[in-house]
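Visitor: Before we look, I would like each label in this model to be set against the criterion behind it. Could you take me through it that way?

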Amino acid sequence: MNYHSTANPLHISNFEEAVFKGLPDPTGLYMPMHIPKLPPAFFNQLPELSLAEIGFQVLRPYVGSEIDELTFKNIVDETLSFSIPLRQIHDQVYSLELFHGPTLAFKDVGARFLARVLGHFARLSNRSITVLVATSGDTGSAVAHGFYEVSNVDVVVLYPKGKVSDFQRRQMTTLGKNIQAIEIDGTFDDCQDLVKKAFLDRNLQDKYNLTSANSINVARFLPQMVYYFWAVAQLKSIYAPPKNLPVNVSVPSGNYGNLTAGLLAKRMGLGIDHFIAAANANNSFPNYLTTGSYSPQPSIATLSNAMDVGAPSNVRRIDALYNSDSNMIAQDVRSGSFSDQDCLQTIDYVYNQYKYILDPHGAIGYKALSLAPENGVSICLETAHPIKFKEVVEAVIPSPVPMPSHVQGNSKDENIISLNNDYPIFKEYLITSR
Ligand SMILES: *Cc1c(COP(=O)(O)O)cnc(C)c1O
């Protein structure tokens, strides 16, 4: 499959180049040249297929002959090696739990796929690559875990000292092997600036094959399609709601990558009626749908902080899918903005009524179901485990949030390098450690 830039249809790359470059040019994002429709036979079989089988069939056309079939099958199997269960909250309202991966958030899916694809291409061309990533917490841990023990790839993750939670820091600093965590005496923006300078530094770039693991990379965004198919498969095989009920999916959104992946799944033929783009106070996208003009805003801090994005990048991809026609988008997507108070009330209400514990992101998604057409099946994406936002959740519900068994008792030693916020020092570190 070839990919073109949303800013320039003549700028075309194959899958490998799109993955290595991340961004085609300063103003565009990569989009697949065409979106294949899956055959009726696939949809008839869907309820009987496993998550990994669905992943293989959905993603295969986007990679094509660039990765041989057996290798690709292994990549998909390893990416999707944790469960993504659909749970009934009540009646026709379900939660798709995307938080059973190693770092307890849906970003594990994209990070694991990207890591394996990059590792494969690096080995094939006999290159060693270094992934540089700056993080305010969640992305760094998902990327670090995704790349852990992937050969030919080293990861250097920068985070602002004292500004990530202990839980997040330990997820980056206790892995070891090919993962090095660096704390910078500065802010997240300082970390981001150091990484940007390194990418622009030609003699570093040429010598060390630096790559980013940015969230807009096609290899992070495409695999997110798979769990929309998997949700419908489980709905049919486990719960079997009446056939004529339309299915609506609510997506807690920040940079809108998850929503874009769902829209692509619909284009491939998946029977989802409406998407609900659930926003917190960062309301550029819901405003776009109501006013028809898109104006990015500075981001506002909220309790659902992974959604605090004032200028969501993937709006360019959504525009590319709908010819920048907000009325066309609104035929498939409804969107609204909800407050921190809505978020807390929803966590409280859903726990009281149904004993189901939502995290602050899932709570915005649940609340936004109020925008869904009536009399349908509603699926709400639960994008993070509530334990990650324990302080917020436990202030509302009467009992402690249980710690998932696979992350219990991480007592491994931390390995941290401490650096000042200074580019020459950071560069020196990169050179001496490679
Ligand atoms: C990243 C993130 C989101 C937002 O997803 P986008 O694809 O950026 O819209 C929502 N919830 C959680 C927990 C996240 O980590």
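Guide: A polar contact is a pair of N or O atoms within 3.5 Å; within protein, one atom must be able to donate a hydrogen and the other to accept it, and residues adjacent in sequence count only if both atoms are side-chain atoms. The model is predicted, so local features need pLDDT of at least 70 and side-chain atom pairs count only at pLDDT 80 or more, whereas totals for chains, interfaces and linings use all residues. Residues are numbered from 1 along each chain as its sequence is written, and side-chain values use heavy atoms, with hydrogens and water left out.

Visitor: What makes the pair between Lys107 and the ligand a polar contact?

Guide: A polar side-chain atom of Lys107 lies 2.4 Å from an oxygen atom of the ligand, which means that the pair falls within the 3.5 Å limit. A backbone N or O atom of Gly254 lies 2.8 Å from a ligand oxygen atom, and an N or O atom in the side chain of Thr383 is 2.8 Å from a ligand nitrogen atom. Taken alone, the ligand exposes 380 Å², of which the protein buries 95%; such areas come from the Shrake-Rupley method with a 1.4 Å probe, and for residues only the protein chains shown count as cover.

Visitor: Which residues are closest to the ligand, and how many surround it?

Guide: The ligand is surrounded by 14 residues, the closest being Lys107, Gly254, Asn255, Tyr256 and Thr383, where being near requires a heavy atom of the residue within 4 Å. The shell divides into six nonpolar, seven polar and one charged.

Visitor: Why is Gln171 called buried?

Guide: Buried means under 20% relative accessible area, exposed over 50%, and partly exposed in between, with a 1.4 Å probe and protein chains only. Gln171 has 7% relative accessibility and therefore counts as buried. Gln171 belongs to helix 7, and its side chain has a polar contact of 3.5 Å with that of Ser141.

Visitor: How do you know that strand 8 is largely enclosed?

Guide: Helices (H or I, at least four residues) and strands (E, at least two) are DSSP runs, numbered from the N terminus. Strand 8 covers residues 179–185, and six of its seven residues are buried, so the rest of the structure largely encloses it. The same reasoning serves helix 17 (residues 360–367), where seven of the eight residues are buried and the helix is therefore largely enclosed; among them are His361, Ile364 and Tyr366.

Visitor: What makes strand 7 and strand 8 a pair?

Guide: Two strands pair if DSSP finds at least two bridges between them. Strand 7 (residues 153–160) and strand 8 run parallel and are joined by six bridges, with Val155 bridged to Ile179 of strand 8. Strand 8 also pairs in the parallel sense with strand 14 (residues 416–420) over five bridges, where Ala181 stands opposite Ile416.

Visitor: What is known about the two faces of strand 6?

Guide: Both are covered, since Ile129, Val131 and Val133 on one side and Thr130, Leu132 and Ala134 on the other are all buried. Strand 6 pairs with strand 7 in the parallel sense over six bridges, and Ala134 has Leu158 as its bridge partner in strand 7. From strand 6 the chain crosses through helix 6 (residues 138–147) to strand 7 in a right-handed β-α-β crossover; right-handed means that, with the strands pointing away from the viewer, the path from the first strand over the helix to the second runs clockwise.

Notes:
Nonpolar A, V, L, I, M, F, W, Y, C, P; charged D, E, K, R; others polar.
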